[in-house]
Structure formats: C-alpha cells, structure tokens
Amino acid sequence: MNNRYAVIVAGGSGSRMQSQTPKQFIAVRQLPVLMHTLHRFAQHVLPQKIRLVLPAAHFQTWNELCAQYNFSLPVQVVEGGNSRFQSVRNGLKTIENSSSEALVAIHDGVRPLVSGQVIEQCFEQAQIYGNAVASVALKDSIRQILPDGASQAVDRQLFRLVQTPQTFALPLIAAAYDVEETAFFTDDASVAEAYGATIRLVEGNYENIKITTPEDLAIAEAFLN
Ligand SMILES: Nc1ccn([C@@H]2O[C@H](COP(=O)(O)OP(=O)(O)OP(=O)(O)O)[C@@H](O)[C@H]2O)c(=O)n1
Ligand SMILES: C[C@](O)(CO)[C@H](O)COP(=O)(O)O
C-alpha cells in the first residue's frame with residue numbers, strides 16, 4: 001500500500017446538476033458525496049497519499065463540512081484548474097516523482113459508488129501493466145449518427161463505457177500530462193494513449209456512475225450505505 005497514491009478530482013462546477021450546492025457536497029445518506037468517495041479510497045490508499053482537488057473557492061466550504069461531519073482523514077487538498085485535465089495535472093504535480101514504483105489512481109470525486117474490488121484490481125493490474133482503466137460493457141443497443149443526419153446500427157461489443165479509477169505508473173502519467181491540453185482529452189486514458197501507452201481495460205462496476213444530473217442522486221441514494 002506504501003507505493004499507492006490517489007488523485008480525487010472534485011474541481012468541477014457541476015452545471016448539469018443545476019443545484020445551489022456543488023454536487024460533490026450534496027449529502028446522500030447523511031454524508032456529502034465526496035466524503036463517501038474518500039472513505040472508499042482510504043481503504044486502499046494511505047489517507048496522507050490522497051490528493052483532493054477542489055476549486056480554491058470551495059476550500060472554506062470543505063473545511064466547514066469537515067467540521068460538521070467530523071471528517072478527519074488527513075488528505076492533502078490541492079487547488080483545481082479550469083478543466084478536469086488541469087485539475088488532474090495540478091494533483092499529479094504535488095506527488096513527488098522520485099519513486100519509479102509509485103502508482104496513482106485518478107478518480108472522479110463524484111463517483112462514490114466505486115467498489116473496493118475495482119479500486120484494488122486497478123492497482124494490481126497497473127502494477128503489472130503500467131496502467132488499468134475501469135470500464136463496463138454496454139447494455140443498450142447503440143447507433144452511429146451519420147453526416148447526413150441519418151443513423152445506422154453498430155456492434156456494441158466493439159465499445160466500452162469508461163469509468164474511473166484510471167490507475168497508472170506515476171512516471172508514465174506524470175510525463176503524459178506534461179503536454180498541451182486538447183479537447184480530445186476527456187479522461188486520463190486518452191492523455192496516456194496520446195503519449196504512447198497501450199491502455200488496459202479492467203472490469204468496472206455498473207453502480208459506479210458519475211453523478212451528473214439530478215436523477216443520478218436517486219441512484220446514489222439507493223446504493224450507498
Ligand atoms: N475543472 C474541473 C472540472 C471537472 N473536474 C472533476 O472531474 C470530474 C468529472 O467532471 P464532471 O462531473 O463531468 O464535470 P463538472 O464540471 O463537475 O460538471 P458539469 O460538466 O455538469 O458542469 C468531477 O469529479 C469534477 O469535479 C475537476 O476536478 N475540475
Ligand atoms: C473521466 C470520465 O469520468 C470517464 O468517463 C469522463 O470522461 C469525464 O467526462 P466529463 O466530460 O467530465 O463529463
């Protein structure tokens with residue numbers, strides 16, 4: 001466990017949630033979403049090695065919530081950036097890159113339903129292969145939109161839905177993030193792939209949704225304990 005780090009990104013604005021309270025701070029089952037996520041990671045990573053990325057404007061709210069909920073995990077809070085890419089990069093910069101053995105799991109703070117098994121599998125596979133990215137098969141049929149506006153059926157077995165954690169050898173992901181941001185970088189796997197890595201997918205868990213829109217809170221309420 002000593003070579004493990006986690007960067008939990010919670011620097012977003014949550015515009016699609018349309019809530020006064022930033023979605024990562026909304027209480028579900030008597031605890032803010034973000035605290036559920038951090039508790040799950042603290043079973044697999046020493047809390048001192050967890051980086052929590054938040055907008056500077058939310059630091060005070062976070063401190064108040066920590067007092068209100070007696071949250072005492074000694075995670076290191078880092079200032080976020082204007083995009084997920086920048087928030088991850090800020091988090092990575094705070095991890096000293098001296099150990100070539102270090103592994104870092106990058107995870108969305110708004111995915112509190114990640115299972116312990118998936119966190120563990122991602123660390124174990126990344127230890128062997130240099131990276132491991134959680135994903136699940138599609139349950140619905142999918143269609144591709146064509147340039148003329150029509151659509152056609154495609155083989156869903158050729159696709160996966162990508163989740164987090166996305167776990168990497170630290171030297172690989174630190175070097176991969178030392179690059180100019182592009183719109184194509186929607187996750188860490190796309191950044192590592194652009195750097196030359198071959199991405200290894202591991203089985204995620206279906207409940208591991210990214211809380212994005214209001215109905216997702218009902219799902220979280222149903223599954224969190
Ligand atoms: N500048 C940003 C933008 C996003 N994130 C984080 O990246 C994860 C996935 O982002 P998502 O929830 O899709 O984005 P938000 O900006 O939070 O929401 P929205 O797109 O609805 O505004 C979240 O944990 C979010 O806090 C971040 O750390 N810094
Ligand atoms: C990283 C991610 O959660 C993997 O599914 C996703 O790519 C984030 O996307 P968003 O553009 O921040 O919604």
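A residue counts as buried if 20 or more other C-beta atoms lie within 10 Å of its own, with C-beta atoms placed from the backbone. The views below use this term and show a predicted model.

**Figure 1. Strand 4, covered along its length.** Strand 4 comprises residues 50-54, and 5 of its 5 residues are buried. In a regular strand the side chains alternate between the two faces of the sheet. On one side of strand 4 are Ile50, Leu52 and Leu54, on the other Arg51 and Val53, and all of these are buried. Both faces of the strand are thus recorded as covered.

**Figure 2. The partners of strand 4 in the sheet.** Strand 1 (residues 4-9) pairs with strand 4 in the parallel sense, over 4 bridges. In strand 4, valine 53 stands opposite valine 9. Strand 5 (residues 76-79) also runs parallel to strand 4, to which 4 bridges join it. Here leucine 52 stands opposite valine 77 of strand 5.

**Figure 3. Helix 1, residues 33-42.** Of the 10 residues in helix 1, 8 are buried, so the helix is largely enclosed by the rest of the structure. The buried residues are Val33, Leu34, Met35, His36, Thr37, Leu38, Arg40 and Phe41.

**Figure 4. The surroundings of ligand 1.** The ligand is surrounded by 21 residues, the closest being Val9, Gly11, Gly12, Arg16 and Ser87. Of these, Val9 is also the residue opposite valine 53 in strand 4. By class, the shell around ligand 1 holds 4 nonpolar, 13 polar and 4 charged residues.

**Figure 5. The surroundings of ligand 2.** Arg84, Asp108, Val162, Gln163, Thr164, Thr186, Asp187 and Lys210 surround ligand 2. The shell divides into 1 nonpolar, 3 polar and 4 charged residues. Strand 10 (residues 160-169) supplies its largest share, 3 residues.

**Figure 6. A cis peptide bond in strand 10.** The bond from threonine 164 to proline 165 is cis, with omega near 10 degrees. Proline 165 lies in strand 10. Thr164, on the other side of this bond, is one of the residues that surround ligand 2.

**Figure 7. Two glutamines with positive phi.** Glutamine 18 is not a glycine, yet its phi is positive, at about 50 degrees. The residue is found in the loop between strand 1 and strand 2 (27-28). Glutamine 18 has 9 C-beta neighbours inside 10 Å and therefore counts as exposed. For glutamine 30, phi is near 70 degrees, again a positive value in a residue other than glycine. Its place is the loop between strand 2 and strand 3 (31-32). With 8 C-beta neighbours inside 10 Å, glutamine 30 counts as exposed. The cut-off behind both assignments is 12 or fewer such neighbours.

**Figure 8. The whole protein, for orientation.** The protein has 7 helices and 11 strands. Its radius of gyration is 17 Å, close to the 17 Å that the globule rule gives for 225 residues, so the protein is as compact as a globular protein of that length. The C-alpha trace spans about 55 × 40 × 30 Å along the principal axes. Buried residues make up 38% of the 225 residues. Among contacts between residues at least 6 apart in sequence, 73% join residues at least 24 apart. The average pLDDT is 96, and 100% of the residues score at least 70. For the complex, the predictor gives an ipTM of 0.97 and a pTM of 0.97.

How values were computed. Residues numbered from 1 in each chain as written. Chains lettered and ligands numbered in written order. Predicted model: local features only at pLDDT ≥ 70, side-chain atom pairs only at ≥ 80, totals over all residues. Rg over C-alpha atoms; globule rule 2.2 N^0.38 Å. Contact = placed C-beta atoms within 7 Å. Near = placed C-beta within 6 Å. Nonpolar A, V, L, I, M, F, W, Y, C, P; charged D, E, K, R; others polar. pLDDT = per-residue confidence, 0-100. Pairing = 2+ DSSP bridges.
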